[in-house]
Amino acid sequence: MGLMAGKQGIIFGVANHRSIAWAIARSLAAEGAALAITYQNERLGQSVRALVDESEMQARAFQCDVASDQEIAHLYQEVGEYFNGRLDFLVHSLAYAPQDDLKGRYVETTREGFRVALDISAYSLIAVTQAALPLMTQGGSIITMTFFGGQRAMPSYGIMGTAKAALEHEVMVLAAELGEQGIRVNAISAGPLNTLAARGLRDFTRLRDYHRERAPLQRSVDPVEVGKAAVFLCSDASSATTGHVLFVDAGYNIMGY
Ligand SMILES: NC(=O)c1ccc[n+]([C@@H]2O[C@H](COP(=O)([O-])OP(=O)(O)OC[C@H]3O[C@@H](n4cnc5c(N)ncnc54)[C@H](O)[C@@H]3O)[C@@H](O)[C@H]2O)c1
């Protein structure tokens, strides 16, 4: 029996087979979880639905743009029916910042760029958690994806670093508040991975090479390793862990000089 047998959960943020959300979905499904997998819009819908249908997973794909409270409410109505009213875990694996704000100098971030980046990349964790609570009646596990650029100055990570700092703070406060309901909230801080979102960053290749050179394990991270960490955090194996940022970064974050 897998670590996730009998558990059912929702995973936000599959754009394609490279998405971290997809690696997490595969790992959770391999451990026996039943999944609701979301994609942002109809442009991505056809290929994500095909990805899910062609997989061996016990899973269904749903559409949800987290910028819309209506879409979030509609999604949970559908997912509630699909799962007969019970949700055990939630994986939030999405982020967005306007290209101009990401590619330019941090000091030139626009008010609108800041608003959108923080809304989609940070506020959305609160929005999807809030809406999940009526279904998380027997406790649960919530995880989100962060990056070390939320804890250090990385100018090429731009406004996304500020959004990740906010996201990691949310993890602490949500964990403190939802603990009494048996709901745990944690983050995975992954090393650089070659995904659609990462390619939107200025200097991503240089960032990844630098990371590989300096990380204690002297290598990049494999998405499968992020998937395994997600299984740990979503399963009862981590039953006393909450409010935590788990680094899956080949050790990069411990390095000083
Ligand atoms: N790739 C990396 O190096 C890396 C490292 C650490 C953390 N992360 C984080 O992992 C998460 C997943 O990113 P990824 O690297 O898998 O890239 P990705 O491009 O595959 O995934 C990002 C997802 O966000 C979704 N999204 C954007 N705006 C949305 C909206 N309004 N509504 C719903 N969904 C929306 C996109 O559709 C996409 O599915 C992000 O939070 C990212 O910051 C990535």
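**Exercise 1. Find which residues come nearest to the ligand, and which elements supply its shell.**

Solution. Start with the residues themselves: 27 residues lie around the ligand, and A15, S19, L94, T195 and A197 come nearest. Here a residue counts as near if its C-beta atom, placed from the backbone, lies within 6 Å of the molecule. Next, turn to the elements: α1 (20-30), β5 (140-146) and α7 (196-199) each give two or more residues to this shell. The largest share, 3 residues, comes from α7. Helices (H or I, at least four residues) and strands (E, at least two) are DSSP runs, numbered from the N terminus.

A word on the model: it is predicted, with local features needing pLDDT of at least 70 and side-chain atom pairs counting only at pLDDT 80 or more, while totals for chains, interfaces and linings use all residues. Residues are numbered from 1 along each chain as its sequence is written.

**Exercise 2. Check the length of helix α3 and sort out its two faces.**

Solution. First, the length: α3 (residues 69-82) has 14 residues, so at 1.5 Å a residue (times one less than the number of residues) it should span 20 Å. Its end C-alpha atoms are 20 Å apart, which agrees.

Second, the buried side: I72, L75, Y76 and V79 are buried (20 or more other C-beta atoms within 10 Å of their own; exposed means 12 or fewer; C-beta atoms are placed from the backbone). Seen down the axis of α3, the buried residues fall within an arc of 95 degrees (taken from the directions from the axis to the C-beta atoms), so they line one face of the helix.

Third, the other face: turned away from the buried side, it carries the exposed residues Q70, A73, Q77 and E81.

Finally, look just past the helix: α3 is followed by N84, with a positive phi near 50 degrees.
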